[in-house]
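Trainee: I'm new to this structure and would like a close look at one part rather than a quick tour. Could you take me through it step by step?

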Amino acid sequence: MLLKSEFHPTFCPVMTVRTICCIGAGYVGGPTMAVIADRCPQIQVTLVDLNAERIAAWNDADLGRLPVYEPGLADVVARCRGRNLHFTTEVDGAIAAADMVFLSVNTPTKRKGLGAGQASDLRWIEASARQVAAQARGHTIVVEKSTLPVRTAETIQAILSAAQQGTEGDTKSFSVLSNPEFLAEGTAISDLENPDRVLIGGDDPGSIDALAEIYSNWVNPERILRTNLWSSELSKLTANAFLAQRISSINAIGALCEATGADVKEVARAIGSDSRLGSKFLAAGPGFGGSCFRKDILNLVYLCRHYGLEPAAQYWEQVVELNSWQQQRIARLVVSRLFGTVSGKRLAVLGFAFKADTNDTRESPAISICRDLLEEGAHLAIHDPKVGVDQITSDLGQGASASGLGLADEGSWQPAASVLEAVEGADAVIVLTEWGQYAQLDWPAIAARMRRPAWLFDVRAVTDAEAARVAGLRVWLVGEG
Ligand code: NAD
Ligand code: UGA
């Protein structure tokens with residue numbers, strides 16, 4: 001077991017961190033701690049999680065089986081694992097040995113009780129804070145890495161200070177920092193290695209310096225922003241809300257383009273050239289997915305309502321509503337173009353992850369679109385390079401059909417090992433995730449395997465639509481009139 005580097009009497013902050021524990025070895029904790037370990041060989045980093053299966057996968061000798069797929073992640077893990085990067089279910093020991101504890105646990109939307117459907121469920125944050133309070137030794141810096149409602153640090157401080165007062169001779173002490181994570185899945189390693197900024201909120205300058213010192217091993221100090229706790233917590237929710245707002249805005253305009261003959265890619269290019277707007281995050285598609293945008297905006301809505309700011313709550317709520325509308329609109333238009341019925345028809349679905357270069361399907365638009373099509377009786381052949389059968393089964397709430405096509409009027413689905421397998425006998429190809437390989441499809445070979453008239457619905461506008469047209473397909477592109 002790791003031993004805490006030094007004993008620090010109360011109120012004397014640790015200035016140089018030698019041992020880190022991160023609670024939560026998920027999509028954020030895993031890549032973030034791997035990069036810290038890679039860039040700071042002098043620090044021992046231990047990731048802990050309650051989920052033994054997940055920890056076993058992080059320790060798997062086969063790096064192709066890590067629980068999180070991210071380009072470049074396996075190389076970083078290969079360099080550090082066993083050296084100064086450790087994965088374990090032994091939470092208590094790792095907390096006791098740590099100078100700094102990151103809380104990187106899940107914070108989903110509450111499902112029941114007060115604020116259900118909007119507020120964040122903070123039970124995992126509270127549980128991990130209590131565990132830190134009980135197990136920590138000496139002085140410990142506790143860092144909020146999870147995305148949290150503004151003023152959560154107050155709760156964490158209350159839990160920690162109760163433990164501090166409970167110890168004989170006050171042998172433990174804590175300070176709390178907010179250090180939200182801005183990485184996007186699919187580009188996590190490059191986002192972590194070259195962040196636009198690192199945000200640290202806190203009220204104890206010594207602790208802020210200790211965390212800034214870690215990042216300064218590879219991040220230019222000018223990019224390390226220091227704020228008070230509440231600004232830091234609120235900036236994270238705000239960043240996600242502003243990003244999601246751009247997607248709902250461009251999808252609203254995309255629908256208008258489809259109705260008027262304008263082309264959303266041309267509109268995006270025209271407006272994105274204005275340096276005040278910028279060109280990124282203007283790709284029309286099936287609406288935003290992923291584990292955070294929806295929950296974080298709903299949390300912002302809840303906070304606005306809580307503080308009596310109803311028009312502000314409604315403003316942000318609309319961003320989420322437009323996103324749901326976009327997904328329903330896509331499923332409806334597929335049915336309508338296929339002569340008003342997809343019952344008994346085979347449809348090839350290309351992509352199930354919420355975006356390219358990740359195995360994550362949380363809140364993927366593919367889930368709601370596929371569910372709507374199954375409800376209409378479609379037979380879906382689903383292809384995704386990184387998402388497995390078990391995940392799709394759990395997301396769709398229905399197992400893969402064992403014997404080919406199901407009954408004519410009941411929706412069914414099957415996994416497809418290749419795009420050519422998926423399109424065999426299909427009436428339509430529906431592209432839902434922008435995987436790079438879908439930009440280079442062999443349209444004559446695909447067309448030859450489909451039933452005519454055959455359709456391409458490119459909901460990401462990433463395929464070679466002209467080649468598909470030449471091969472004889474009817475083509476619908478998101479945002480193109
Ligand atoms: P995740 O579900 O992949 O990982 C969270 C992990 O925490 C799980 O493996 C869970 O078993 C573990 N856990 C929960 N309670 C625990 C406890 N008491 N002790 C030990 N382990 C515990 O979630 P994630 O996607 O990594 O997100 C974590 C946080 O980071 C969320 O607040 C999220 O909003 C935020 N965030 C996520 C992203 C992203 O791209 N996924 C980006 C930035 C911020
Ligand atoms: C997003 C933010 O980009 C991160 O900064 C943030 O840290 C993270 O949420 C979080 O807090 O979890 P992520 O959800 O991983 O990251 O992925 P994004 O690249 O933001 O994509 C989100 C969704 O928007 C995806 O479904 C994507 O396909 C969609 N999108 C994105 C578009 O439809 N159009 C675009 O132009 C960009």
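Mentor: Gladly! A polar atom in the side chain of aspartate 49 sits 2.6 Å from an oxygen atom of ligand 1, which makes this a polar contact (a pair of N or O atoms within 3.5 Å). Before we go on, please keep in mind that this is a predicted model, where local features need pLDDT of at least 70, side-chain atom pairs count only at pLDDT 80 or more, and totals for chains, interfaces and linings use all residues. Residues are numbered from 1 along each chain as its sequence is written, chains are lettered from A and ligands numbered from 1 in the order in which they are written, and side-chain values use heavy atoms, with hydrogens and water left out.

Now look at what else touches ligand 1. The side chain of threonine 107 also has an N or O atom 2.6 Å from an oxygen of ligand 1. Valine 28 takes part through its backbone instead, with a polar atom there 2.9 Å from a ligand 1 oxygen. On its own, ligand 1 would expose 840 Å², and the protein buries 92% of that (areas by the Shrake-Rupley method, 1.4 Å probe). Altogether 24 residues surround ligand 1 (a heavy atom within 4 Å). Asp49, Arg54, Thr107, Glu185 and Lys295 come nearest. Sorted by class, this shell holds 8 nonpolar, 9 polar and 7 charged residues (Asp, Glu, Lys and Arg are charged; Ala, Val, Leu, Ile, Met, Phe, Trp, Tyr, Cys and Pro nonpolar; the others polar). Domain 1 (19-227) and domain 2 (260-481) each supply at least three residues to the shell of ligand 1, with the bounds taken from an automatic or database assignment.

Glutamate 185, one of the nearest residues to ligand 1, leads us on to ligand 2. A polar backbone atom of glutamate 185 is 2.8 Å from an oxygen of ligand 2. Backbone atoms do similar work at two further places: a polar one in leucine 282 lies 3.3 Å from a ligand 2 oxygen, and one in glutamate 181 lies 3.4 Å from such an oxygen. Taken alone, ligand 2 exposes 700 Å², of which the protein buries 90%.

Ligand 2 is surrounded by 19 residues, and the closest are Phe182, Leu183, Cys292, Lys355 and Arg460. The shell of ligand 2 is made of 12 nonpolar, 2 polar and 5 charged residues. Helix H9 (residues 229-260) contributes the most to this shell, with 4 residues; helices (H or I, at least four residues) and strands (E, at least two) are DSSP runs numbered from the N terminus. Domain 1 (19-227) and domain 2 (260-481) each give at least three residues to the shell of ligand 2 as well.

From leucine 282, which we met beside ligand 2, step along to the aromatic rings. There are 8 aromatic pairs (centres of Phe, Tyr or six-membered Trp rings within 6.5 Å; planes under 30 degrees apart are stacked, over 60 edge-to-face, the rest tilted). The rings of phenylalanine 281 and phenylalanine 293 are edge-to-face, because their planes stand at 65°, with centres 6.3 Å apart. These partners are 12 residues apart and link distant parts of the chain: phenylalanine 281 belongs to the loop between helix H10 (264-272) and helix H11 (293-306), and phenylalanine 293 to helix H11. Phenylalanine 293 also pairs with phenylalanine 288, where the centres are 5.6 Å apart and the planes at 80°, so this pair is edge-to-face too. With a relative accessible area of 37%, phenylalanine 281 is partly exposed, while phenylalanine 293 is buried at 12% (buried is under 20%, exposed over 50%, partly exposed in between). Phenylalanine 288 is buried as well. Elsewhere, Phe242, Tyr315 and Trp316 form an aromatic cluster.

Finally, return to the start of the chain's helices. Helix H1 (residues 29-39) is largely enclosed by the rest of the structure, because 10 of its 11 residues are buried. Among them are Gly29, Gly30, Pro31 and Asp38.

How values were computed: Polar contact = N/O pair within 3.5 Å; in protein donor to acceptor, adjacent residues only side chain to side chain. Buried < 20%, exposed > 50% of the residue type's maximum accessible area, 1.4 Å probe, protein only.
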